[in-house]
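Me: Please go through the fold of this protein with me, one question at a time.

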Amino acid sequence: TTCTLNFPTTFGSVSTKEIAVAAKAQLGMELDKKKMQLPEPIRTFGVTEVAIKLHPKVVGKFNVHVVEE
């Protein structure tokens with residue numbers, strides 16, 4: 001299953017901490033930032049697929065959509 005988070009920003013980058021806060025605000029979902037598999041913060045506009053380790057053998061994926069504010 002894929003869900004999309006819209007993340008408006010004008011500068012900087014989007015970290016797993018900010019993604020977790022946006023997921024809580026937009027979807028009411030608690031995501032553990034430590035379980036997200038994001039090699040480096042997102043620094044570009046557009047859609048980025050982020051993996052999250054739900055269980056040792058289960059990895060979920062969701063899209064983070066970064067748009068200009």
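The exchange below treats the overall fold, the helix, the strands, the core and two individual residues.

Me: What kind of model is this, and what pLDDT do local features need?
Reply: This is a predicted model, in which side-chain atom pairs count only at pLDDT 80 or more, totals for chains, interfaces and linings use all residues, and local features need pLDDT of at least 70. Residues are numbered from 1 along each chain as its sequence is written, and side-chain values use heavy atoms, with hydrogens and water left out. For local features, the pLDDT needed is at least 70.

Me: Which pattern does the protein follow along the sequence?
Reply: Helices (H or I, at least four residues) and strands (E, at least two) are DSSP runs, numbered from the N terminus. The protein comes to one helix and four strands. Read along the sequence, the pattern is β-α-β-β-β.

Me: Which span should helix α1 have at 1.5 Å a residue?
Reply: The expected span is 1.5 Å times one less than the number of residues. Helix α1 holds 12 residues, 16–27, and its end C-alpha atoms are 16 Å apart, which agrees with the expected 16 Å.

Me: Within what arc do the buried residues of α1 fall, seen down its axis?
Reply: Buried means under 20% relative accessible area, exposed over 50%, and partly exposed in between (1.4 Å probe, protein chains only). The buried residues of α1 are Thr16, Ile19, Ala20, Ala22 and Ala23. They line one face of the helix, because the directions from the helix axis to their C-beta atoms fall within an arc of 165°.

Me: Which exposed residues does the face of α1 turned away from its buried side carry?
Reply: An α-helix has 3.6 residues a turn, so residues three or four places apart point the same way. On the face of α1 turned away from its buried side, the exposed residues are Lys17, Val21 and Ala25.

Me: How many bridges join β3 to β4?
Reply: Two strands pair if DSSP finds at least two bridges between them. β3 and β4 form a hairpin with two residues between them, and His55 has Val58 in β4 as its bridge partner. Ala51 stands opposite Lys61 in β4. The two strands run antiparallel, and the number of bridges joining β3 to β4 is nine.

Me: Which residue in β3 does Met36 stand opposite?
Reply: Strand β2 (residues 36–37) pairs with β3 in the antiparallel sense over two bridges. Opposite Met36 stands Ile52.

Me: Which elements give two or more residues to the largest nonpolar core?
Reply: A nonpolar core is a set of buried Ala, Val, Leu, Ile, Met, Phe, Trp, Tyr and Cys residues joined through side-chain atoms within 4.5 Å. The largest one has 13 residues, and Ile19, Leu31, Met36, Ile42, Val50, Phe62 and Val64 touch the most other members. The elements that give two or more residues to this core are α1, β3 (46–55) and β4 (58–68).

Me: Is Thr16 buried or exposed?
Reply: Thr16 lies in helix α1. Contact means heavy atoms within 4.5 Å, and Thr16 touches Lys33, Met36 and Leu38, not counting residues up to four places away in sequence. With a relative accessible area of 19%, Thr16 is buried.

Me: Is Gly12 buried or exposed?
Reply: Gly12 has its place in the loop between β1 (4–9) and α1. Gly12 touches Ile42 and Arg43, not counting residues up to four places away in sequence. At 56% relative accessibility, Gly12 counts as exposed.
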